[in-house]
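Here is a friendly walk through a structure you can follow on your own screen. Please keep the sequence and the 3D view side by side while you read.

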Amino acid sequence: MNALEIMNLTKSFGDFKLDGLNLTLPSGCIMGLIGENGAGKSTTIKLILDIIHKDSGKITILGRDNEEDIRLTKEDVGVVFDEVGIPGALTPVQVGKIMKNTYKNWDENEYSSLLKKFSLPESKRFKDFSRGMKMKLGIAVAMSHGSKLLLLDEATSGLDPVVRDEVVEMFSEFTRDESHSILISSHIVSDLEKLCDYVAFLHKGRLLLCEEKDLLLSEYGIIHCTEEQLRSLPSEAVKHKKISPYGAEALVMRSSVPSDIRISPISIEELFVYMVKEAK
């Protein structure tokens, strides 16, 4: 069973349109949702949770229709938004007591362990937390009620590099259980590159690609060559090019480039930037 299936999802409001989105997240995997501000990442997650209603399409979460069974599904889905929606007057201890009465599978020991791991003061009010502390508390809650799917919208935002690295490792450990999966959006693409099995590129409401990360990195590369060498390549090999007085740079399909031309590896962030340029 797939953890998440999105089929032909469409949503329009104002001058924005999420247009025919198709995504499949297999169980036991982590998918990174990459896109610039306004690309539709948060909109997608809110549609999955039925916080906003889709115009058309179908979404299934852990095999259940998200509109018909979202109340049943909430037990199995942990959510962290860019803004953690916890009342400012509450302390982490009080949050834990509320969540114990909210989730059937609330794990007090796991929650307490995560508070300690994140060095969160148990008696300090949420409104006095820094942004990074607020995100850590949101993650602690999401991971303490037996979630099988985590939906994370900029969950590493506001965290210092050391804590970000710890959180990324925790997410990796979470999906070692093959019944656990994660969909995470972030503008910190380096985190997603370390963490994800799949990446999905969103640009202005359109899906540019969705593929296994390792496959993408093996398929694409960057070459630096002369204009003449660039013109000699098959048209299907070159996905984007940039020509300057100093020569040419191009995003290429490795399989279509002659062996005598050196191909440099590409990062997921570089690939996304090239894809966006090509889409314009």
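Let's start with a pair of strands: β7 (residues 149-153) and β8 (residues 181-185) run parallel and are joined by 5 bridges. At one position of this pair, D153 stands opposite S185 in β8. Strands here are DSSP runs of E with at least two residues, helices are runs of H or I with at least four, and both are numbered from the N terminus. Two strands count as paired if DSSP finds at least two bridges between them.

Before going further, please note that this is a predicted model, in which local features need pLDDT of at least 70, side-chain atom pairs count only at pLDDT 80 or more, and totals for chains, interfaces and linings use all residues. Residues are numbered from 1 along each chain as its sequence is written, and side-chain values use heavy atoms, with hydrogens and water left out.

**The six-stranded sheet**

Strands β7 and β8 belong to an open sheet of 6 strands, ordered β6-β7-β8-β3-β9-β10, with mixed pairing. At its edges lie β6 (77-80) and β10, each of which pairs on one side only. Leaving direction aside, neighbouring strands of this sheet are turned against each other by 10° on average. Such angles run from 0 to 180 degrees between N-to-C directions, with axes fitted to C-alpha atoms (for helices, over the stretch in contact).

Two helices can be placed against these strands. Helix α5 (residues 131-142) lies across β6 and β7, and runs at about 175° to β6. Helix α6 (residues 161-174) packs on the sheet and touches β3 (30-34), β7 and β8, its direction making about 150° with that of β8. Touching, or contact, means heavy atoms within 4.5 Å.

**The three-stranded sheet**

A further open sheet has 3 strands in the order β11-β13-β12, paired antiparallel. Its edge strands are β11 (220-225) and β12 (238-244), each pairing on one side only. From one strand to the next, the twist averages 15°. Within this sheet, β12 pairs with β13 (residues 247-253) in the antiparallel sense over 6 bridges. A hairpin of 2 residues joins β12 to β13. Along this pair, S244 stands opposite G247 in β13, while V238 stands opposite V252 in β13.

**Two helices side by side**

How do α3 and α4 cross, and at what angle? The axes of α3 (residues 92-100) and α4 (residues 108-117) come within 11 Å and cross at roughly 155°. The two helices are therefore roughly antiparallel to each other, a label for angles over 145 degrees (under 35 counts as roughly parallel, 65 to 115 as roughly perpendicular and the rest as oblique). The crossing of α3 past α4 is right-handed, meaning that the near helix is turned clockwise from the far one by less than a right angle (anticlockwise would be left-handed). On the α3 side, the contact is made by P92, V95, G96 and K100, and on the α4 side by E108, Y111 and L115. These residues divide into 4 nonpolar, 1 polar and 2 charged. In this grouping Ala, Val, Leu, Ile, Met, Phe, Trp, Tyr, Cys and Pro are nonpolar, Asp, Glu, Lys and Arg are charged, and the others, Gly among them, are polar.

**Residues worth a click**

The table gives the accessibility of four residues (buried means under 20% relative accessible area, exposed over 50%, and partly exposed in between, with a 1.4 Å probe and protein chains only).

| Residue | Relative accessible area | Class |
|---|---|---|
| L62 | 10% | buried |
| V84 | 19% | buried |
| M99 | 17% | buried |
| K204 | 59% | exposed |

L62 sits in the loop between β4 (56-61) and β5 (64-65), and its phi is near 50°, a positive value in a residue other than glycine. K204 lies in the loop between β9 (198-203) and β10 (206-212); K204 also has a positive phi, of about 50°, although it is not a glycine.

V84 is found in the loop between β6 and α3. Not counting residues up to four places away in sequence, V84 touches F126, K134, M135 and G138. The C-alpha atoms of V84 and F126 are separated by 10.0 Å, and the two residues are 42 residues apart along the chain.

M99 has its place in helix α3. Leaving aside its neighbours within four places in sequence, M99 is in contact with W106 and V141. Between the C-alpha atoms of M99 and I184, 85 residues apart along the chain, the separation is 23 Å.
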